[in-house]
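Subject: Structure handover

Dear colleague,

Here is the structure I said I would pass on. My notes on what was found in it follow below.

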Amino acid sequence: MKLAAVNLGGTWAIGVVDADSVRVAPAGLGTVDDVIRGLVDVEKVALAVRGAEPRPLEDVRLGSPVQRFNRDVLCTGWNYLDHFYESAGKREGQEPTALPEHPTFFTKGPDTVIGPSDDIAFDQAISSKWDYEAELALVIGLDGRSIPEERALEHVFGYLVANDVSQRDLQRAHGGQWLKGKSIDATMPLGPWITTADEIGDHADLRVSCELNGELMQDASVADMAFSIPRLIAELSHGMTLRAGDVLLTGTPSGIGNAREPQVFLGDGDVVVTRVTRLGTLRNKLVSLAGG
């Protein structure tokens, strides 16, 4: 099932997406966040939309399907080897001594999150090095601590698309840690809906891509990850409880603007299109803040 957050006159309702249309449940049923946490049963949602009139997706406003966050968005760095190596010598003195033996994790603030077609809040005064990072994201649906790798996928509610828009100069200016350079408000598109885990079989056939103003910049298979999704969940949850509703980004492939020669950074008016096969498309325009 594909679950979307549909805006109905300022109220968020649960939508079930089918091809190019969406059927919307009564707003009183709850939100997608409620479904993720098991407060509203998926079968109840299916029943609630059974007689609803399909609406063309282009006629409705979709928001981020996750809107109620337990904590910061959880993220993975350097999870595609080609991306790790493409940035060698370009990290401005903040190079790791070797390829990490374990996944590298960081977080970004939940106020970064925007919907699948919302504008990215561009501000040249904050950074002059805005970069794109297409990623597969997942949502935890079952609490767990020290989850065994072989049981990890049992804790996934579903999958969606993200773009971890980053500010490279802020990343370098604050000791090389990534929180500040990835936590600017209203800069991370997420969506366009959550595809429940039962619809996704082998992750290896998923492809992650990013286009900038119509030019393909990133394109890779999830099979190219250095650390698999079960490994990420197992290592992240080691001694640390993951909660239903937690969002985890799984890393970006090569092709980022900072590693290109010449470098390519985002600017006002640029359009970024982020896709993961079978999970949907984000289309976002960078728009300068007033006075930015």
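A residue is called exposed here when its relative accessible area is over 50%, and buried when that area is under 20%. Asp59 has a relative accessible area of 58%, so Asp59 is exposed. Please keep in mind throughout that this is a predicted model.

Asp59 sits in the loop that links strand 4 (55–56) to strand 5 (62–63). Its C-alpha atom is 9.1 Å from that of Ser21, although the two residues are 38 residues apart along the chain.

Overall dimensions

The protein chain contains five helices and 19 strands. Its radius of gyration is 18 Å, close to the 19 Å given by the globule rule for 292 residues, so the chain is as compact as a globular protein of that length. The C-alpha trace spans about 60 × 45 × 30 Å along its principal axes. Of the 292 residues in the protein chain, 52% are buried.

The five-stranded sheet

One open sheet has five strands in the order 9-19-18-15-16, and the pairing in it is mixed. Its edges are strand 9 (120–122) and strand 16 (215–221), each of which pairs on one side only. On average, neighbouring strands of this sheet are turned by 15° against each other, with direction ignored.

How do strand 9 and strand 19 run, parallel or antiparallel? Strand 9 and strand 19 (residues 280–288) run parallel and are joined by three bridges. Within strand 19, Val287 is the residue that stands opposite Ala121.

On the pairing of strand 19 with strand 18 (residues 271–276), the sense is antiparallel and there are six bridges. Val273 has Arg283 of strand 19 as its bridge partner. Strand 18 and strand 19 make up a hairpin with three residues between them, and Arg278, in the turn, has a positive phi of about 70°.

As a general point for reading the sheet, side chains in a regular strand alternate between the two faces of the sheet.

The largest pocket

Strand 19 appears again in the largest pocket, where it gives the most to the lining, with three residues. The space in this pocket is about 240 Å³. Its lining consists of Leu57, Val60, Leu62, Pro116, Ser117, Pro192, Trp193, Arg275, Thr281, Leu282 and Arg283. Two or more of the lining residues come from strand 14 (188–196), and the other element for which this holds is strand 19. Sorted by class, the lining has seven nonpolar, two polar and two charged residues. Arg283 is thus named twice in these notes, as a lining residue of the largest pocket and as the bridge partner of Val273.

Cavities

Empty space left between atoms can be found by rolling a probe the size of a water molecule over them. How many cavities of 30 Å³ or more are there? The count is two.

The second largest cavity holds about 40 Å³ of space. Its lining is made up of Gly77, Trp78, Leu81, Leu99, Pro100, His102, Pro103, Thr104, Ala226 and Phe227. These residues divide into seven nonpolar and three polar, with no charged residue in the lining of this cavity. The lining of the largest pocket, by contrast, includes two charged residues.

Regards

Terms used. Residues are numbered from 1 along each chain as its sequence is written. This is a predicted model: local features need pLDDT of at least 70, side-chain atom pairs count only at pLDDT 80 or more; totals for chains, interfaces and linings use all residues. Side-chain values use heavy atoms; hydrogens and water are left out. Two strands pair if DSSP finds at least two bridges between them. Helices (H or I, at least four residues) and strands (E, at least two) are DSSP runs, numbered from the N terminus. Axes are lines fitted to C-alpha atoms, for helices over the stretch in contact, and angles run from 0 to 180 degrees between N-to-C directions. On a 1 Å grid over the protein atoms alone, a cavity is a set of points where a 1.4 Å probe fits but cannot get out, and a pocket is an open set with protein on both sides within 12 Å along at least five of seven lines; lining residues have an atom within 4 Å of a point. Grid points are joined across faces, edges and corners, and a volume is the space filled by probe spheres set on the points. Ala, Val, Leu, Ile, Met, Phe, Trp, Tyr, Cys and Pro count as nonpolar, Asp, Glu, Lys and Arg as charged, and the others, Gly among them, as polar. Buried means under 20% relative accessible area, exposed over 50%, partly exposed in between (1.4 Å probe, protein chains only). The radius of gyration is taken over C-alpha atoms; the globule rule is 2.2 Å times the number of residues to the power 0.38.
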